[in-house]
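Trainee: I have a structure in front of me and would like to learn how to read it. Could you walk me through it, feature by feature?

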Amino acid sequence: MLSTITIVLAATTSLVSAIPTRTARDVPSVTDELTGVTHTVVAGRAGQLIFDPDNVVADIGDVIEWHYLPANHSVVQSTFDAPCLPLSDTSFFSGFFPIKEGQSDEVFQVVVKDDKPIWYYCAQGTHCSSGMLGAINQDFDSDKTLREFKELAKAAGPGVAPPEITGGERIPNPNPNSGV
Ligand SMILES: [Cu+2]
């Protein structure tokens, strides 16, 4: 007897390997516990190439808020050893604030996330090598002081500006008429 064997080829149910895609949920959520304390720093006080104050002692969860006076300053996070270069692609950069008079109608805010020293500079022209630098939570027991940071900057080239605003938030100036 002739038996017929029928082979049924299983329909090739498409086994297109699904490439896992990252979604927003994969990004660690930022759970900053804000303290409610804001430290105001003024860029360009009295037309000088300075941050005032240039040293801030802050707790984790505090906000640093930069206000900008003429002419066209910025803040960029750097390392201690390379004062006029961005720390990384994600470290903070405020963008520039080209204003002619008064203070900027926006401010830049950064939340302090740990107790490590934070170093930063202004990326405008030669402002960095001219001393427009600042620190948050410098370690006063270390040789890495704000004074030494400014010394290192004197030998640096023009400040480098990252390609886009990152690492903080530009928000409307909460008090644009305060005579900072
Ligand atoms: Cu500047």
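Here is a conversation that goes from the overall fold to single residues.

Mentor: Gladly! Keep in mind from the start that this is a predicted model. Let's begin with the overall make-up.

Trainee: How many helices and strands does the chain have?

Mentor: The chain has one helix and eleven strands. Following the sequence, the pattern reads β-β-β-β-β-β-β-β-β-β-α-β.

Trainee: Which contacts should I look at to see how the chain folds back on itself?

Mentor: Look at contacts between residues at least 6 apart in sequence: in this chain, 74% of them join residues at least 24 apart. As for burial, 35% of the 180 residues count as buried.

Trainee: Now the sheets. How do strands pair in general?

Mentor: Strands of a sheet pair through backbone hydrogen bonds, and the pairing is either parallel or antiparallel. Here, one open sheet has five strands in the order E2-E1-E4-E8-E11, and its pairing is mixed. Strand E2 (51-52) and E11 stand at the edges with a single partner strand each, so one side of each has no neighbour in the sheet.

Trainee: Where can I see both senses of pairing in that sheet?

Mentor: Start at E1. E1 and E2 pair in the antiparallel sense over two bridges, while six bridges join E1 to E4, and those two run parallel. To find the pairs residue by residue, look for Ala 43, whose bridge partner in E2 is Phe 51, and Val 42, which stands opposite Asp 52 in E2. On the E4 side, Thr 38 has Val 63 as its bridge partner.

Trainee: What is the strand order in the sheet of four strands?

Mentor: That open sheet has the order E3-E10-E9-E6, again with mixed pairing. Its edge strands are E3 (55-56) and E6 (76-78), each of which pairs on one side only. E6 and E9 (residues 118-121) run antiparallel and are joined by three bridges; one pair to look for is Gln 77 with Tyr 120 in E9.

Trainee: And where does the helix sit?

Mentor: Helix H1 (residues 146-154) lies across E3, E6, E9 and E10 (133-136), and runs at about 150 degrees to E10.

Trainee: Let's turn to the metal. Which residues coordinate the copper ion?

Mentor: To read a metal site, look at the donor atoms and then at the angles among them. The copper ion is coordinated by His 73 through ND1, Cys 122 through SG, His 127 through ND1 and Met 132 through SD, at 2.1 to 2.6 Å. The angles among the four donor atoms are 90 to 128 degrees, and the site is tetrahedral. Along the chain, the donors follow the spacing H-x48-C-x4-H-x4-M.

Trainee: Is Cys 122 buried or exposed?

Mentor: Cys 122 is buried, because its relative accessible area is 0%, under the 20% cut-off. His 127 is buried too. Cys 122 lies in the loop between E9 and E10. Leaving aside neighbours within four places in sequence, Cys 122 is in contact with Phe 51, His 73, Ser 74, His 127, Cys 128 and Met 132. Cys 84 is 38 residues away from Cys 122 along the chain, yet their C-alpha atoms are separated by 7.9 Å.

Trainee: Which residues touch the most other members in the largest nonpolar core?

Mentor: Phe 51, Trp 66 and Ile 136 do, in a core of 19 residues. E1 (38-43), E4 (63-68), E8 (106-111) and E9 each supply at least two residues of this core, and E4 gives the most, with three. A second, separate core of 13 residues includes Val 76, Phe 80, Phe 93 and Ala 123.

Trainee: What does Ile 136 touch?

Mentor: Not counting residues up to four places away in sequence, Ile 136 touches Val 56, Ala 58, Ile 64, Trp 66, Val 112, Lys 116, Pro 117, Ile 118 and Tyr 120.

Trainee: One last residue, please: where does Val 160 lie?

Mentor: Val 160 lies in the loop between H1 and E11 (169-172). Val 160 is partly exposed, with a relative accessible area of 34%. Beyond residues up to four places away in sequence, Val 160 touches Val 76, Cys 84, Leu 85, Pro 86, Tyr 121 and Ala 123. Val 160 and Gln 124 are 36 residues apart in sequence and 8.0 Å apart in space, C-alpha to C-alpha.

Key. Residues numbered from 1 in each chain as written. Predicted model: local features only at pLDDT ≥ 70, side-chain atom pairs only at ≥ 80, totals over all residues. Heavy atoms only, no water. Pairing = 2+ DSSP bridges. Contact = heavy atoms within 4.5 Å. Axes fitted to C-alpha atoms, helices over the stretch in contact; angles between N-to-C directions. Donors = N, O, S within 2.8 Å, 3.2 Å for Na, K, Ca; no water. Tetrahedral: all angles 85-135°; square planar, octahedral: opposite > 155°, others 65-115°. Buried < 20%, exposed > 50% of the residue type's maximum accessible area, 1.4 Å probe, protein only. Core = buried A, V, L, I, M, F, W, Y, C linked by side-chain atoms within 4.5 Å.
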